[in-house]
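Visitor: I'd like to learn to read a few features in a model like this one. Could you walk me through them?

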Amino acid sequence: HVSEPLTTTPPQELRLLFLGCESQPPYGPYEHTATLFLDLITRALETMRAPMTYHVQIDVYHVSNHHFPPRSVLSDYQGVILPGSFSSAYDSEPWIQELSTLIQEELVAKQRPTLGVCFGHQLYAHSFPEGGAIKCPAGPQAGRKISELTPMGQQWLNGQTETTPTMGLQLYYTHGDMVERLPPQGHCLGGTKEVPIQAAIYLSSTDQKPIAITFQAHPEYASSRSLGLQGTLNPIMKAMNDRKDI
């Protein structure tokens, strides 16, 4: 695992499960990507000036190499992270099928708080019979983009000040696939003309509480400059450019 204490005072434990979906750079290796999320989450907690201190720990499982956590340990975590991958949610690789089953049987059915990013965003939707991911008809997407928020997006993602609401969601993107449709539990938070479902929230079917939030974008690219922009975003965009994807 990778972990980082925020202060020297006795902290509250925030233990997260990282289901690594890519071993190869620049989307991998697993621990590099987990460190991006660790940096992002600890920075977010500091920015929020949370009323308590935290010790954030992310335990990493290499699921794309068939290293899945025992289901008996899932209840030990306060949340689950589903990151990006070079693979596609609609691929038939055994580990993708196993992860899709785990999403439905453990994360959705037992309402385990989940953050899905890029491939994680696509696979979470694709794991539902009514959901689906496809290759992006507009072609691969990369760079900083602004998505217009839906009314649900305004409700859940509105980082407004007292006078100015946030009308758009501005994030970094590198992807070739997209979510085409959401299941009834999923609600679009914002999108663009090319990719209408850029973010989604999933509500429990019983009490309508949020159980997952997913982004086509990569919020973790906005962690520290050395980790996010220089160590991850720039190499990915270079690789996409070298392949003539962008």
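Guide: Let's start with salt bridges: a salt bridge is a side-chain nitrogen of Lys or Arg within 4 Å of a carboxyl oxygen of Asp or Glu. Keep in mind that this is a predicted model.

Visitor: How many salt bridges does the structure hold?

Guide: Nine. Take Lys238 and Asp242 as one case: their closest N and O atoms are 2.9 Å apart.

Visitor: Why are Lys238 and Asp242 separated by about one helical turn?

Guide: Because the two residues sit four apart in helix α5. Check the surroundings as well: Lys238 is exposed, and Asp242 is too.

Visitor: Which residue does Asp245 pair with in a salt bridge?

Guide: With Arg243, and there the closest N and O atoms are 3.0 Å apart. Asp245 has 30% relative accessibility, so it counts as partly exposed. Arg243 is likewise described as partly exposed, at 49%. Salt bridges can also share partners, and that is how Arg71, Glu105, Glu106, Lys110 and Arg112 are joined into one network.

Visitor: Can we look at one pair inside that network?

Guide: Sure. Lys110 forms a salt bridge with Glu106, with 3.3 Å between the closest N and O atoms. Now look at the burial of each partner. Glu106 is buried, with a relative accessible area of 5%, whereas Lys110 is partly exposed at 48%.

Visitor: Back to the helix. Where in α5 does a kink lie?

Guide: For a kink, compare the helix axis on either side of a residue. In α5 the kink lies at Leu233, shortly before the proline Pro235, and comes to about 30°. Leu233 is also one of the buried residues of α5; the others are Leu227, Gly228, Leu229, Thr232, Ile236 and Met240.

Visitor: What do the buried residues of α5 pack against?

Guide: Three elements: α1 (30-48), β7 (141-149) and β8 (168-175). Beyond the helix, have a look at the backbone too: Lys244 follows α5 and has a positive phi, near 65°.

Visitor: And just ahead of the helix, what about Gln216? Is Gln216 buried or exposed?

Guide: Gln216 is buried, with a relative accessible area of 0%. Its place is in the loop between β12 (210-215) and α5 (226-242). For a buried polar side chain, ask what its polar atoms meet. Here the Gln216 side chain makes a polar contact with the side chain of Gln122, at 3.0 Å. Leaving aside neighbours within four places in sequence, Gln216 is in contact with several residues, among them Cys118, His121, Tyr173, His175 and Asp177.

Visitor: You mentioned a cysteine. How many disulfides does the structure hold?

Guide: First the idea: a disulfide is a covalent bond between the sulfur atoms of two cysteines. The structure holds zero of them.

Visitor: Why is the sulfur of Cys21 too far from the closest cysteine sulfur for a bond?

Guide: Because the closest cysteine sulfur, in Cys118, is 10 Å away, while a disulfide needs the two sulfur atoms within 2.5 Å. Cys136 is in no disulfide either, and its nearest cysteine sulfur, again that of Cys118, is 11 Å away.

Visitor: Are Cys21 and Cys136 buried or exposed?

Guide: Cys21 is buried, at 2% relative accessible area. Cys136 counts as buried too, at 5% relative accessibility.

Definitions and conventions
Residues numbered from 1 in each chain as written. Predicted model: local features only at pLDDT ≥ 70, side-chain atom pairs only at ≥ 80, totals over all residues. Heavy atoms only, no water. Buried < 20%, exposed > 50% of the residue type's maximum accessible area, 1.4 Å probe, protein only. Polar contact = N/O pair within 3.5 Å; in protein donor to acceptor, adjacent residues only side chain to side chain. Contact = heavy atoms within 4.5 Å. Bend = angle between axes of the 7 residues up to and from the residue.
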